[in-house]
Amino acid sequence: SLQMPREVISIHVGQCGIQMGNQCWELFAQEHAILPDGTCPSDTSVGEENDAFNTFFAEAGKQHVPRAVFADLEPTVVDEIKTGTHKGMFNPDSMIAGKEDAANN
């Protein structure tokens with residue numbers, strides 16, 4: 001029988017959304033024994049995508065990448081993720097940042 005894959009994508013917008021999202025992903029990774037570089041030594045089903053955490057994480061080789069998009073007009077908050085402890089877990093293509101600050105709007 002055909003089984004629909006369970007996949008959830010999270011969208012984090014603005015400074016607060018990105019900072020909270022980053023903390024949530026670090027917690028999700030910790031709960032599923034995913035290391036800061038995205039690897040999961042306890043995952044014996046690499047490539048099968050039948051584990052519960054594959055709902056929120058996509059497998060890219062032996063790495064588990066959060067199914068998430070981060071967007072902000074100001075790049076410094078997104079840069080915090082790119083240089084943070086879990087930087088190896090995230091796909092840089094899923095981080096969208098503008099070049100200007102929105103504080104003067």
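Begin by selecting Arg-67, which is buried in this predicted model, with a relative accessible area of 15%. Keep Arg-67 on screen and add Glu-7, because these two residues form a salt bridge in which the closest N and O atoms are 3.8 Å apart. Arg-67 lies in the loop between S3 and strand S4 (68–72), while Glu-7 lies in the segment before S1, so the pair ties together parts that are 60 residues apart in sequence. If you go looking for further pairs of this kind, note that the count for the model comes to 1 salt bridge.

From Arg-67, step back along the chain and select residues 57–60 and 63–66, which are strand S2 and strand S3. These two strands run antiparallel and are joined by 4 bridges. To see how they line up, select Ala-58 and then Val-65 in S3, since the two stand opposite each other. S2 and S3 form a hairpin with 2 residues between them, and Gly-61, which sits in the turn, has a positive phi of about 70°.

Next, select Gly-38, which is found in the loop between helix H1 (14–31) and S2. Is Gly-38 buried or exposed? Its relative accessibility is 0%, and because buried means under 20%, Gly-38 counts as buried. Show its surroundings and, leaving aside residues up to four places away in sequence, you will find that Gly-38 touches Lys-62, Gln-63, His-64 and Met-89. Now add Lys-87 and compare two kinds of separation: Gly-38 and Lys-87 are 49 residues apart in sequence, and their C-alpha atoms are 8.9 Å apart in space.

The next stop concerns two cysteines, so select Cys-24 and Cys-40 in turn. Cys-24 counts as partly exposed, at 34% relative accessibility, whereas Cys-40, at 7%, counts as buried. How many disulfides does the model contain? The count comes to 0 disulfides, and a disulfide here would need a pair of cysteine sulfur atoms within 2.5 Å.

Finish at the surface by selecting Ile-9, Ile-11 and Val-13, which together make a nonpolar surface patch of about 330 Å². Of these residues, look in particular at Ile-11, which is found in strand S1 (residues 10–13). Ile-11 has a relative accessible area of 60% and is therefore exposed, in contrast to Arg-67 from the start of the tour, which is buried at 15%.

Terms used. Residues numbered from 1 in each chain as written. Predicted model: local features only at pLDDT ≥ 70, side-chain atom pairs only at ≥ 80, totals over all residues. Heavy atoms only, no water. Patch = residues over 30% accessible without salt bridge, like charges linked within 9 Å, V, L, I, M, F, W, Y side chains within 5 Å. Areas by Shrake-Rupley, 256 points an atom, 1.4 Å probe, with all protein chains shown as cover. Salt bridge = Lys/Arg side-chain N within 4 Å of Asp/Glu carboxyl O. Buried < 20%, exposed > 50% of the residue type's maximum accessible area, 1.4 Å probe, protein only. Pairing = 2+ DSSP bridges. Contact = heavy atoms within 4.5 Å.
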